[in-house]
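This briefing is meant to be read with the model open beside it. It moves from charged pairs to packed helices and then to backbone details, and each technical term is explained where it is introduced.

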Amino acid sequence: MIDKNTVKKFQDQPTPFYYYDLDILNTTLTSLKKESENSGYKVHYAVKANANSRILRIISSYGLGADCVSWNEIEAAISAGFDPSEVVFAGVGKTDKEIDSAVRAGIFCFNCESIQEIEVINHIASLQNKNVRIALRINPLIDAHTHKYITTGIEESKFGIHTWELDEVLNRVSSMKNVQLCGMHFHIGSQITRMSVFQSLCTHINELQKWFATHNIGLKIINVGGGLGIDYENPDKFPKFKEYFSLINEFIDLSPGQEIHLEPGRSVVGQCGTLISRVLYIKNGSNTQFAIIDAGMTDLIRPALYQAYHKIENLASDGNLCRYDVVGPVCESSDTFAKFIELPETRRGDLIAIRSAGAYGEAMASRYNLRDLPRVVFSDEI
Ligand SMILES: *Cc1c(COP(=O)(O)O)cnc(C)c1O
């Protein structure tokens with residue numbers, strides 16, 4: 001709920017803007033930290049979900065590590081206070097330059113996605129006379145039951161190393177002098193709400209553990225990635241960290257000395273952000289009315305990109321419910337936030353809140369149509 005007082009303060013703000021509620025962010029982080037301490041699991045925040053520098057500084061102040069997918073993210077994380085020795089670096093297409101910088105920075109671990117990538121890391125590390133830790137991102141062939149664009153662990157996916165390649169990987173890595181294999185890594189998708197999916201992942205991890213054991217390889221780190229979903233229908237609900245951590249605890253069999261690492265992104269920042277916009281025009285369509293707002297897909301691309309649902313609220317009206325298509329101003333038909341939804345009677349100038357927009361919102365903003373990037377307002381600034 002965005003309370004009346006806050007809505008009043010929005011009145012003189014130019015729209016569109018991301019509103020970040022720091023109480024929600026801090027409450028979320030407090031509960032994540034508590035679960036991480038109780039379980040002894042190491043949490044690396046997935047920077048790509050929201051790389052706003054103030055948000056990063058707040059998250060780093062809770063002592064989390066960072067999961068990055070580019071050198072620029074690593075740089076942003078380090079300057080926001082994350083310790084380089086707690087940074088992991090993932091991604092299918094790390095460039096030589098990015099690898100060189102990350103080796104130089106002394107990051108914790110490279111999560112590797114192909115044999116060729118491991119060879120390049122080994123070579124670059126040798127030029128710097130260093131020995132770096134790597135983990136294998138393994139494609140576990142598990143359907144995350146989420147949108148196909150955010151499913152990453154199935155056979156056709158570009159991500160990860162297939163299990164049938166593992167023999168060859170071990171062979172090659174055993175002759176490399178500048179990398180040290182220390183873990184396995186998984187990330188099977190995002191916005192996962194069926195807990196049984198994580199249970200399947202745990203079962204798969206246990207099988208792989210046995211396979212590595214028969215090859216006399218003990219891996220210290222089991223990184224289960226991110227993916228925990230949030231409740232987009234109920235933006236005031238917090239993510240289910242407790243249930244998630246206890247499920248992992250119940251279903252993964254660890255050997256002595258092994259550590260669990262996790263990489264939540266969306267669940268950390270999703271519910272603290274709201275995109276605030278104003279209605280520009282109401283226009284009649286053939287069987288609906290369009291509420292044309294001043295935020296567009298350039299500010300929040302998730303509905304256009306993945307047909308994602310965001311709860312939309314009219315903060316100014318409590319009139320009778322009517323049906324609207326809520327659309328943005330960008331010259332694309334996919335620039336639609338919702339179709340045929342009920343809102344209280346909506347007029348030009350009304351403030352509209354698009355909820356649960358803290359993750360993959362601001363981070364994915366673009367300047368298509370040469371639009372301005374969205375502004376940002378923190379709850380303690382107004
Ligand atoms: C995107 C990503 C994450 C975070 O996923 P969420 O669904 O936001 O929790 C974690 N690890 C890797 C490797 C990723 O690419």
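A search of the whole structure finds 17 salt bridges, a salt bridge being a side-chain nitrogen of Lys or Arg within 4 Å of a carboxyl oxygen of Asp or Glu. This is a predicted model, in which local features need pLDDT of at least 70 and side-chain atom pairs count only at pLDDT 80 or more, while totals for chains, interfaces and linings use all residues. Residues are numbered from 1 along each chain as its sequence is written, and side-chain values use heavy atoms, with hydrogens and water left out.

**Salt bridges**

- Side chains of opposite charge can pair when their charged atoms come close.
- Arg 172 and Glu 119 form one such salt bridge, with a distance of 2.6 Å from N to O; because Arg 172 lies in helix H7 (residues 166–174) and Glu 119 in helix H6 (residues 115–127), the pair ties together parts that are 53 residues apart in sequence.
- The names of helices and strands come from DSSP runs numbered from the N terminus, where a helix (H or I) has at least four residues and a strand (E) at least two.
- Arg 172 also forms a salt bridge with Glu 168, and here the closest N and O atoms are 2.6 Å apart; both residues lie in helix H7, four residues apart, about one turn of the helix.
- Arg 172 is partly exposed at 30% relative accessibility, Glu 119 is partly exposed at 31%, and Glu 168 is partly exposed at 40%; in these terms, buried means under 20% relative accessible area, exposed means over 50%, and partly exposed lies in between (1.4 Å probe, protein chains only).
- Lys 220 and Glu 259 form a salt bridge whose closest N and O atoms are 3.1 Å apart; since Lys 220 lies in the loop between H8 and strand S9 (221–223) and Glu 259 in strand S10 (residues 259–262), this pair ties together parts that are 39 residues apart in sequence.
- Arg 54, Asp 380 and Glu 381 are joined into one network by salt bridges that share partners.

**A buried arginine**

- Arg 302, which is found in helix H11 (residues 302–306), is buried yet has no salt bridge, and the nearest side chain of opposite charge, that of Glu 233, is 11 Å away.
- For charge, Lys and Arg count as positive and Asp and Glu as negative, whereas His and the chain ends are not counted.
- Leaving aside residues up to four places away in sequence, the residues that Arg 302 touches include Tyr 232, Arg 266, His 310 and Tyr 360, where contact means heavy atoms within 4.5 Å.

**Packed helices**

- Two packed helices are described by the angle between their axes and the distance between the axes; axes are lines fitted to C-alpha atoms, for helices over the stretch in contact, and angles run from 0 to 180 degrees between N-to-C directions.
- Helix H8 (residues 195–214) packs against helix H9 (residues 241–251) at an angle of about 30°, with their axes 9 Å apart, which means that H8 is roughly parallel to H9.
- The axes of helix H5 (residues 96–105) and H6 come within 10 Å and cross at roughly 50°, and therefore H5 is oblique to H6.
- Angles under 35 degrees count as roughly parallel, over 145 as roughly antiparallel, 65 to 115 as roughly perpendicular, and the rest as oblique.
- In the first of these pairings, residues of H8 including Phe 198 and Cys 202 meet residues of H9, among them Leu 247 and Ile 248.
- In the pairing of H5 with H6, Asp 96, Ile 99, Asp 100 and Val 103 in H5 meet Val 120, Ile 121, Ile 124 and Ala 125 in H6.

**Backbone details**

- Most residues other than glycine have a negative phi, and most peptide bonds are trans.
- Thr 15 and Pro 16 are joined by a cis peptide bond, with omega about -5°, and Pro 16 lies in the loop between helix H1 (4–10) and strand S1 (17–20).
- Gln 191 has a positive phi near 50°; this residue is found in the loop between strand S8 (179–185) and H8, and at 14% relative accessibility Gln 191 counts as buried.
- Tyr 360 has a positive phi of about 55° although it is not a glycine; Tyr 360 lies in the loop between strand S16 (351–354) and strand S17 (375–378) and is buried, with a relative accessible area of 10%.
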